[in-house]
Amino acid sequence: MREHELGEQHLAGAMALSRAANWNQNEADWRMMLRLGKGFGLSAADGSLIASIVVLPYGDQFAWMSMVLVSPQHRRRGYASRMLRRALGYLQARGLVAVLDATPAGHEVYVQEGLRDAWGFRRYSLAAARPVTGWQDVSGLKLRHLMPDDWPQILALDLPAFGASREALLRALAARLPEAALVVQRGERICGYLFGRDGREARQLGPLVAQDLPAAQALLSHVLASVAAPVYMDIVDHHTSLRSWVLLQGFTVQRPFTRMVYGAESAPGNNETVMLVAGPELG
Ligand SMILES: CC(C)(COP(=O)(O)OP(=O)(O)OC[C@H]1O[C@@H](n2cnc3c(N)ncnc32)[C@H](O)[C@@H]1OP(=O)(O)O)[C@@H](O)C(=O)NCCC(=O)NCCS
């Protein structure tokens, strides 16, 4: 076994790992994460990639850890724990708190390495598009596509919501799926925004940051009428009204995730306004 950084030459192996776990990332996702952060891998003597982890630094306080994958035939041999310790060492050397979103299987690994639970979210999936119901624009909201002049307002709202600047990520997402890059205004001020991206199985919507439920519903009503299904979105658990409304639109719950943190008391950001996370691999 050889530990190494992940580069362009490992993309096929990385895709094989995420496909084997039935994850939604496509090659554009892997490229984006390796451009914005750093990947580590473990390869067998024949050169095949058998384990991965990615770290995505956001500002100078914390970093995301994601893409913890071990090929099915090499599981339960300590490789995920080894990759995790490698990434934690990298982040500790830089004084960064580590945050991640755990699947139930991953959670079992991470608690043993000292990560603690912060809060949860669930993935909702929509197999086929249908008209959105149960929402009427009675609140004077104006919905439109993102424009270049919107960035200062979006970044000012996103900083307290997410807990750090993720401008490079948001700009990359805006280019990935422009029809999902939307803002909603009340008067002259932006009160919510949404981004999305294509995926291997489905289009993923998120992040969605909004000041209230009608703003979130306006964004989702618009995007669900224009983006082709299947669609995934990861809704923060305590937004119960949004979760109920989404079930009425035909979404079903696919799986739970737990946000976990290492090196701090709590996870960064304010999930009062973060309604959809960007996804477990991005934060
Ligand atoms: C989760 C995953 C990364 C674990 O990889 P791994 O190399 O098998 O994990 P490790 O061998 O380091 O496990 C260390 C310990 O964690 C626990 N653990 C690991 N996988 C577990 C599982 N599926 N169920 C319950 N406990 C588990 C066990 O206590 C294990 O020790 P043991 O084998 O001596 O009992 C791997 O199963 C995988 O790729 N799953 C699909 C993708 C995924 O869910 N990744 C996590 C993303 S957050």
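These exercises work through a predicted model, from its ligand shell to its domains and its unusual backbone spots. The model is predicted, so local features need pLDDT of at least 70 and side-chain atom pairs count only at pLDDT 80 or more, while totals for chains, interfaces and linings use all residues. Residues are numbered from 1 along each chain as its sequence is written.

**Exercise 1. Ligand shell**

Task: find which residues come nearest to the ligand, and which elements supply the shell.

Solution.
- Step 1. Apply the cut-off: a residue is near a molecule if its C-beta atom, placed from the backbone, lies within 6 Å of it.
- Step 2. There are 18 residues around the ligand, and Arg 75, Ala 80, Ser 81, Gly 106 and Glu 108 come nearest.
- Step 3. Assign elements. Helices (H or I, at least four residues) and strands (E, at least two) are DSSP runs, numbered from the N terminus.
- Step 4. Strand E4 (62-70), helix H3 (79-93) and helix H4 (104-112) each give at least two shell residues. H4 has the largest share, 5 residues.
- Step 5. Sort by class. Ala, Val, Leu, Ile, Met, Phe, Trp, Tyr, Cys and Pro count as nonpolar; Asp, Glu, Lys and Arg as charged; the others, Gly among them, as polar. The shell then holds 9 nonpolar, 5 polar and 4 charged residues.

**Exercise 2. Helix H7**

Task: work out why H7 is described as largely enclosed.

Solution.
- Step 1. Check the span. H7 (residues 213-226) has 14 residues and reaches 20 Å from first to last C-alpha, close to the 20 Å expected at 1.5 Å a residue. The expected span is 1.5 Å times one less than the number of residues.
- Step 2. Set the burial terms. Buried means 20 or more other C-beta atoms within 10 Å of a residue's own, exposed means 12 or fewer, and partly exposed lies in between; C-beta atoms are placed from the backbone.
- Step 3. Count. In H7, 10 of the 14 residues are buried, so the rest of the structure largely encloses this helix. Among them are Pro 214, Gln 217, His 222 and Leu 224.
- Step 4. Find the partners. Contact means C-beta atoms, placed from the backbone, within 7 Å. The buried H7 residues pack against strands E7 (141-145), E8 (182-186), E9 (189-197), E10 (203-210) and E13 (274-276), and against helix H8 (240-248).

**Exercise 3. Two domains**

Task: describe the contact between domain 1 and domain 2.

Solution.
- Step 1. Take the bounds, which come from an automatic or database domain assignment. They are 2-119 for domain 1 and 123-254 + 263-276 for domain 2.
- Step 2. The domain centres, taken over C-alpha atoms, are 26 Å apart.
- Step 3. Domain 1 gives 16 residues to the contact and domain 2 gives 21.
- Step 4. On the domain 1 side, helix H2 (27-36), strand E5 (97-102) and strand E6 (116-126) give two or more residues each. That side divides into 10 nonpolar, 5 polar and 1 charged.

**Exercise 4. Backbone checks**

Task: locate the cis peptide bonds and positive phi values, then place Ala 127.

Solution.
- Step 1. The Gly 206 to Pro 207 bond is cis, with omega near 5 degrees. Pro 207 sits in E10.
- Step 2. Ala 229 and Pro 230 are also joined by a cis bond, with omega about 0 degrees. Pro 230 is in the loop between H7 and strand E11 (231-236).
- Step 3. Met 67 has phi near 55 degrees. Met 67 is in E4 and is buried, with 30 other C-beta atoms within 10 Å.
- Step 4. Arg 76 has phi of about 60 degrees. Arg 76 lies in the loop between E4 and H3 and is exposed, with 7 C-beta neighbours inside 10 Å.
- Step 5. Ala 127 is in the loop between E6 and E7. Ala 127 touches Ala 229 and Pro 230, not counting residues up to four places away in sequence.

Definitions and conventions:
Two residues are in contact if their C-beta atoms, placed from the backbone, lie within 7 Å.
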